[in-house]
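This report goes through one protein model, from a single side chain out to the whole fold. Keep the structure open while reading.

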Amino acid sequence: MGVGDCQKVKVIMHHFFAEPGEIGEKEISLTGSDVNHIKNVLRMGVGDEITVSSGQDDCLYHCSIQALEKDRIRAAIESREKARSELAAKIFLFQGLPKSDKMEWIVQKAVELGAAGIIPVETKRTVVKLDAKKEALRRARWNTIAQGAAKQSGRTRLVCVAPKMSFEEALEYGKSMEVKLIPYELAQGMDRTRELLGKIRPGQSVAVFIGPEGGFEEDEVRRAEEAGFSRITLGSRILRTETAGLAVLAMLGFVLEP
């Protein structure tokens, strides 16, 4: 690579989220855990460049650090632009609760792949049973992972992991979305999958239901179809629960990437 080529290399800046109230006309303040991360982990200093967003819209702020205070970082806004890091449609992953720490992996990768929201779902074959206390702790952990994944992947919108829902609650919530998909290992016909994914348009909301280990029971799939969901196949191979949702998100990303 010659000297001229070096000038074409895109510099990836560290990305952070700021509370909307901390974003001014000319300056942004970062507080909380980002202060320690910037000062002591990344060891950034005055003049270093970062990008910031509010987590609620597509506006991306290019900033330079102006001051590193005890409990806040002040950064000057150098420019702003409409980012293109979000998918053209809003994809909501309804994930059957898996065993072990698989949900952490699913949350991280789903956010990286563009999910707009993640809803943990208890189905008939769900092994994990969470009481209110355990759910609150795990959900806090999942949302921390989601925020970290959004920063790492340069997204401008934060992704929320919703409170756990029963299968019935999830169906009721998913019914309001414009496109409703339920991958199922007994479904056949990849052409049908291609047709349905190809019809999704910018601005639409999409619900994707994924079963836990062991998949959905046939009765659950039937009830989902009665609620307006379309049964689809993801191919001739049976995917694990931690793979299936990510496969759908990757397919949708190919169709919807701006």
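A polar contact is a pair of N or O atoms within 3.5 Å; within protein, one must be able to donate a hydrogen and the other to accept it. The term is needed for His15, whose side chain makes a polar contact of 2.8 Å with that of Thr51. The model is predicted.

**His15 and its surroundings**

His15 belongs to strand 1, residues 14–17. Is His15 buried or exposed? Its relative accessibility is 7%. Buried means under 20% relative accessible area, so His15 counts as buried. The table gives its side-chain polar contacts.

| Side-chain pair | Polar contact |
|---|---|
| His15 and Thr51 | 2.8 Å |
| His15 and Ser53 | 3.1 Å |

Which residues surround His15, leaving aside neighbours within four places in sequence? Thr51, Val52 and Ser53 are among its contacts, and so is Leu60. The list also includes Ala150, Lys151, Gly154, Arg155 and Thr156.

Strand 3 covers residues 49–53. It runs parallel to strand 1, and 4 bridges join the two. Within this pairing, Phe16 stands opposite Val52 of strand 3. Helix 2, residues 33–41, packs on the sheet. This helix touches strand 1, strand 2, strand 4 (59–68) and strand 5 (73–82). Its direction makes about 160 degrees with that of strand 1.

**The five-stranded sheet**

What is the strand order of the open sheet of 5 strands? The order is 1-3-4-5-2, and the pairing is mixed. Strand 1 and strand 2 (27–30) are the edge strands, each pairing on one side only. On average, neighbouring strands are turned by 40 degrees against each other, direction ignored.

**Nonpolar cores**

The largest nonpolar core holds 38 residues. Ile91, Val107, Ile118, Ile200, Val208 and Leu252 touch the most other members. Several elements give two or more residues each to this core. The strands are strand 6 (90–96), strand 10 (179–183) and strand 11 (205–210). The helices are helix 3 (102–112), helix 4 (132–152), helix 6 (190–198) and helix 8 (241–256). Helix 8 supplies the largest share, 6 residues.

Val208 shows how these parts meet. Leaving aside neighbours within four places in sequence, Val208 is in contact with Ile91, Phe92, Leu93 and Phe94. Leu181, Pro183, Val248 and Leu252 are also in contact with Val208. A second, separate core has 19 residues, including Ala162, Phe167, Ala207 and Val221.

**Gly148 in helix 4**

Gly148 lies in helix 4. Its relative accessible area is 36%, so Gly148 is partly exposed. Asp34 is 114 residues away along the chain, yet the C-alpha atoms of Gly148 and Asp34 are separated by 11 Å.

**The whole protein**

How many helices and strands does the protein have? The secondary structure comes to 8 helices and 12 strands. The protein has 258 residues, and buried residues make up 47% of them. Its C-alpha atoms fill a box of roughly 60 × 50 × 35 Å along the principal axes. The exposed surface is about 13600 Å², with carbon and sulfur atoms supplying 50% of it. Among contacts with a separation of 6 or more, 74% link residues 24 or more positions apart.

Terms used: Residues numbered from 1 in each chain as written. Predicted model: local features only at pLDDT ≥ 70, side-chain atom pairs only at ≥ 80, totals over all residues. Heavy atoms only, no water. Core = buried A, V, L, I, M, F, W, Y, C linked by side-chain atoms within 4.5 Å. Buried < 20%, exposed > 50% of the residue type's maximum accessible area, 1.4 Å probe, protein only. Helix = DSSP H or I, 4+ residues; strand = E, 2+ residues; numbered from the N terminus. Contact = heavy atoms within 4.5 Å. Pairing = 2+ DSSP bridges. Axes fitted to C-alpha atoms, helices over the stretch in contact; angles between N-to-C directions. Areas by Shrake-Rupley, 256 points an atom, 1.4 Å probe, with all protein chains shown as cover.
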